[in-house]
Amino acid sequence: MIVKSLDHLNSISVKISEKMEKGDCIFLIGEIGVGKTTFTRHLINNLQKNKGLKETEVLSPTFNLLYEYDIKDLKIMHYDLYRIKKASELDHLGIFSDRLDTIKLIEWPDLIKTPLENKLEIHLEYGQNEDERNMKFIGFEKWANLEDEL
Ligand SMILES: Nc1ncnc2c1ncn2[C@@H]1O[C@H](COP(=O)(O)OP(=O)(O)O)[C@@H](O)[C@H]1O
Ligand SMILES: [Mg+2]
């Protein structure tokens, strides 16, 4: 689908945030600067709003690899794996072994080969105008018809 603006991106993130629950895993795929962190920021801020909390700053975990957010009973793990070059380095992060009940939002997930049932892949591409993006969703079960619901 075509995302026309940052406002439009936010309205998409509102609807996705309402479907999110413990154990979900969202892969964010696309070039540098296309909007993976921006979308994640909207998503986290909307989850905070949904739970009646104040919105916090959401920074890119480019250097830290991971930032965590506690949103009432939800724990959000926001990863940026850009700097990881080998799949073996992923083992140390314990992404899928430490806690299964967290929500995982993962930028640059290319090296992850673990099959995941509740995964939603979001593919982002640049559009025709500065603030326009193409967004594609690949997911199963509750995510299967996502685009029709947005
Ligand atoms: N429709 C849009 N969706 C996402 N980002 C947008 C959009 N329009 C403009 N932008 C801008 O593009 C930039 C995306 O940067 P960022 O989210 O850091 O990208 P990435 O994490 O993919 O490297 C931000 O400056 C954001 O404000
Ligand atoms: Mg980013």
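In this short talk I will go through the sheet, the core, helix 1 and one loop residue of the structure above.

Before that, please keep in mind that this is a predicted model, in which local features need pLDDT of at least 70 and side-chain atom pairs count only at pLDDT 80 or more, while totals for chains, interfaces and linings use all residues. Residues are numbered from 1 along each chain as its sequence is written, and chains are lettered from A and ligands numbered from 1 in the order in which they are written.

Let me begin with the sheet, which is open and mixed in its pairing, and whose 7 strands follow the order 1-7-6-2-5-4-3; strands here are DSSP E runs of at least two residues and helices are H or I runs of at least four, both numbered from the N terminus, and two strands pair if DSSP finds at least two bridges between them. Strand 1 (2–3) and strand 3 are the edge strands, each pairing on one side only. Strand 2, residues 25–29, pairs with strand 6, residues 119–126, in the parallel sense over 5 bridges, and within strand 6 it is Leu 120 that stands opposite Ile 26.

Ile 26 leads us to the core. The largest nonpolar core, meaning a set of buried Ala, Val, Leu, Ile, Met, Phe, Trp, Tyr and Cys residues joined through C-beta atoms within 7 Å, has 26 residues, and those touching the most other members are Ile 26, Leu 28, Leu 43, Leu 105, Ile 106 and Ile 122. At least two residues of this core come from each of helix 1 (6–19), strand 2, helix 2, strand 4, strand 5 and strand 6.

Turning to helix 1, which residues are buried there? They are Leu 9, Ile 12, Ser 13 and Ile 16, where buried means 20 or more other C-beta atoms within 10 Å of the residue's own, exposed means 12 or fewer, partly exposed lies in between, and C-beta atoms are placed from the backbone. Because these residues cover an arc of only 100° around the axis, they sit on the same side of helix 1, the arc being that of the directions from the helix axis to the C-beta atoms. Asp 7, Lys 15 and Glu 18, on the other side of helix 1, are exposed.

Finally, Val 58 lies in the loop between helix 2 (36–50) and strand 3 (66–71), and it counts as buried because it has 20 C-beta neighbours inside 10 Å. Leaving out residues up to four places away in sequence, Val 58 touches Thr 40, Arg 41, Ile 44 and Asn 45, a contact being two C-beta atoms, placed from the backbone, within 7 Å.
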